[in-house]
Structure formats: C-alpha cells, structure tokens
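Student: I would like to learn how to read a ligand site and a helix from coordinates alone. Can we go through one case together?

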Amino acid sequence: MHGKNVELDKVVMRFGGFTAVQQTSLEIRAGEFFSILGPSGCGKTTILRMVSGFIEPSEGRVRIGGDDMGGRGPARRPTALIFQNLALFPLMSNWENVAFGLEARGLDKRTRRERAYELLALVGLEGKEAQRPGALSGGQRQRVAIARALAVEPAVLLLDEPLSALDLKLRQYMRAELKAIQRKTGVTFIFITHDQGEALTMSDRIAVMRAGVVEQVGTTDEIYDRPATPFVATFVGENNVLSGTVAEADAAYARIETPLGPVRARNQDALAAGQRAMVFVRPERASLVNGHDLDNRLTGRFERRDLEGSYVNLFFTVGDQPFIVHEPNLDRQAALEGEVRLGFQADDAVAMRAGALDDA
Ligand SMILES: Nc1ncnc2c1ncn2[C@@H]1O[C@H](COP(=O)(O)OP(=O)(O)O)[C@@H](O)[C@H]1O
Ligand SMILES: [Mg+2]
C-alpha cells in the first residue's frame, strides 16, 4: 500500500448562510499520521467529508496525489473512511466483514479470503478470522473495521473519532495499535479527534481548529511548545494565563502590565506598547521561588496539592484567578499554606495578542 498526499487549496464550506469551514489551505504529506484536533462543532468532520467526496467544497479544490478530486464521489477517490460507529455486519465472520468490499471488485472467493486473512494478521487478529465481531473485544472490533477499510487499498485512511466509543484503557492501548498499523502500511492517516492526548501521542503533525478556522498546523512539539494563538495555548495541554496591556516591547521580549504586577515574557506576536496581550506559562515551567532567581514573581494563596506520583500539582489563587504549578514530588511542599511566592523565567513564558481561549 502507498500513501498519497492530500492538498486543501483555499477550501471553503458553507451550509446555507453558515460557514462551517473558513478558507483553509494545507497539505497533508504522503504517509503521514495527521490529526485534526478541535472542540465539537469546529468543522473537523466537514473537512473529512470534503476529502472523502461526500460533500463538494463551496470554494477551492481538494487534490489527492496531485489529482483534482472535483466532481468525484467517494467510490472514485483513493480514500476509505472509518466512523465512530464501526458498522460491522454481526452475522458475518470477521474475515467476511473484511472481504466485503472486495466482492464488488470482481475478486473470486479464494482471493478475497486470502486477502482478508492477510489484513487480519496485519492488525493482529490472527486466529480470529472465523469468529464473528460479537465474540471480540471493542478494541478487536475496531481492528476488524480498520482491516476492512484497508482491504480496498486506500492511499488515504480517514478516521472520524474512532476511539471515542471505547473505554479509557482500551483507548490508550488502541493509540499505540493505530500508530503501529499506520507505520506498517505507509497509508496516509487523517485522524479526527477532540482529545488532545490522542493527537499528541499518535500524530506526526496536527492541525488545531476553532470555529471553522485552522489556527495552527505543526508537529506535536511545535503545537505544545510554540502555540500560535491563545486558543491553541489553552486547548492543548494546561496553561496559566495572565492578561494585561503591553508596557514596553522589543523584538525579543515584552513587559506586560497585569493586575498582578508587571510580567516579562517572549514577544511572539511582535507586540507593541499599548496593545492588549495574554501571557502563557505552562505549569511545568512555573515553580515555587524557594530561593530560585526568577525573572517573574507572583504571590499566590495556596489552595491544594494533588499528588500525581512523580510530580505534584499545586493549585494557587493569584489575584482572583487560578494558577497551577507542577513540581517534582520531593516532599518539600508538604507544609505549604497561606501566601506563597511563585514565579517563572521570561524565556518560559510567551506573550501574544489577546484572543479567544478554550472556554470548556
Ligand atoms: N449538512 C449540514 N448542514 C448544516 N450545517 C452543518 C452540516 N454539517 C455540519 N454542519 C455544521 O457545521 C459545523 C461543523 O460541523 P462538524 O464538521 O460536524 O464539526 P465537528 O466534526 O468538528 O464536531 C457545526 O456547526 C455543524 O452543525
Ligand atoms: Mg465530527
């Protein structure tokens, strides 16, 4: 099997007067595990349906492997789709489920069966060929659905929140399984999810969407370490946020006047004095002052300590807002109470133009 690249070229999708996907251009590379991440209703499924051919974009083009897909329905595109509801046939054996799509291709029964057995082996279901889906666990049924989708040898596999119906343990196990299957086949995977943990653990690159707009496309590290917008900063991972007005700024750093005092941070958006800004600092980049020489210091009221094992989550209120600090579990926080000095380095904080946060 061979993956192909997928290009969205100035694609727009409108439903009546409502624009579900604003003008979007991006390229998903051949053989890539690419995730589209965003909250419910932001337009993820709409993008997938445009790629698979179930809907035509209102504007712009979809190209797969360089070929314009305009006017081609789902059956004439090199794509296959896996829904959350797997839609396996309960009265057919697993191999017959996998072989189902091959009959229409004129393959004889023996070839269909051979091909189905190969694919079931590929997804780790050797020995389960003759059983029915009902005899399998949820994760195994998922793998039958993947084998069935791969049977037609798609260049691009489209997965619409396929793990969300599984329980937590199975979901985490299937993350590794899906990734392994993607690597083995080399097929391009476009994986849709509202779960940032799923996107971060499986993807080569991620597009983060909000309200019909792709706000950032990047590797998992880029998305986490260099969020481009306030929404990405708060939707992916945890972030503390301090709002204020830029007091002074140069190309590298900005000083933001906040209700909690001045804060120095990297000046990501070329902010200038007088602009509204937000400063983000990850809990693992903040710390208790404890004699450290920190660029930025705040006083927080200690609320509680949650033990996570190797580290602890320390919850504070600074001014009237929450502030979280992750610290290694070294026993020294046991006696925290009342007012506590905490802080962070300017290089560990990013200032950006004020904007919408993840409000969930
Ligand atoms: N066929 C349609 N007609 C009208 N509105 C639609 C249609 N399909 C999707 N929408 C709207 O477009 C927006 C994005 O939907 P969708 O792509 O399904 O979001 P997601 O998959 O991110 O949850 C939603 O507001 C949804 O109600
Ligand atoms: Mg959806």
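Tutor: Start with a single atom pair: in this predicted model, a polar side-chain atom of Lys 44 is 2.9 Å from an oxygen atom of ligand 1.

Student: Which backbone atoms lie at 3.0 Å and 3.2 Å from an oxygen atom of ligand 1?

Tutor: A polar backbone atom of Gly 43 is at 3.0 Å from a ligand oxygen, and one of Cys 42 is at 3.2 Å. As for cover, ligand 1 taken alone exposes 560 Å², and the protein buries 61% of that.

Student: Which elements give two or more residues to the shell around ligand 1?

Tutor: They are β2, residues 18–28, and α1, residues 44–52. The largest share, four residues, comes from α1.

Student: Which residues are around ligand 1?

Tutor: Phe 15, Phe 18, Ala 20 and Pro 39 are among them, and so are Ser 40, Thr 45, Thr 46 and Arg 49. Sorted by class, the shell has five nonpolar, five polar and two charged residues.

Student: Is α1 mostly covered or mostly open?

Tutor: Begin with the general idea. An α-helix has 3.6 residues a turn, so residues three or four places apart point the same way. In this case α1 is mostly covered, with seven of its nine residues buried. The buried residues are Lys 44, Thr 46, Ile 47, Leu 48, Met 50, Val 51 and Ser 52. Lys 44 thus appears both in this buried set and in the polar pair with ligand 1.

Student: What comes just after α1?

Tutor: Gly 53 follows, with a positive phi of about 95°.

Student: Now a residue in another helix. Is Leu 178 buried or exposed?

Tutor: The test is relative accessibility, where buried means under 20%. Leu 178 counts as buried because its relative accessibility is 0%. Leu 178 sits in helix α5, residues 168–185.

Student: Which residues does Leu 178 touch, apart from those up to four places away in sequence?

Tutor: Leu 178 touches Phe 33, Ile 146, Leu 159, Leu 163, Phe 189, Phe 191 and Met 202. Take Phe 33 as an example of a contact distant in sequence: Phe 33 and Leu 178 are 145 residues apart along the chain, with 9.7 Å between their C-alpha atoms.

Student: What feature does UniProt place at residues 6–236?

Tutor: The unreviewed UniProt entry gives "domain: ABC transporter" for that range. Over residues 6–236 the chain is 36% helix and 27% strand, and the end C-alpha atoms are 24 Å apart.

Note on methods. Residues numbered from 1 in each chain as written. Chains lettered and ligands numbered in written order. Predicted model: local features only at pLDDT ≥ 70, side-chain atom pairs only at ≥ 80, totals over all residues. Heavy atoms only, no water. Near = heavy atom within 4 Å. Polar contact = N/O pair within 3.5 Å; in protein donor to acceptor, adjacent residues only side chain to side chain. Areas by Shrake-Rupley, 256 points an atom, 1.4 Å probe, with all protein chains shown as cover. Nonpolar A, V, L, I, M, F, W, Y, C, P; charged D, E, K, R; others polar. Buried < 20%, exposed > 50% of the residue type's maximum accessible area, 1.4 Å probe, protein only. Contact = heavy atoms within 4.5 Å. UniProt positions renumbered as here; feature names shortened; annotations may be inferred.
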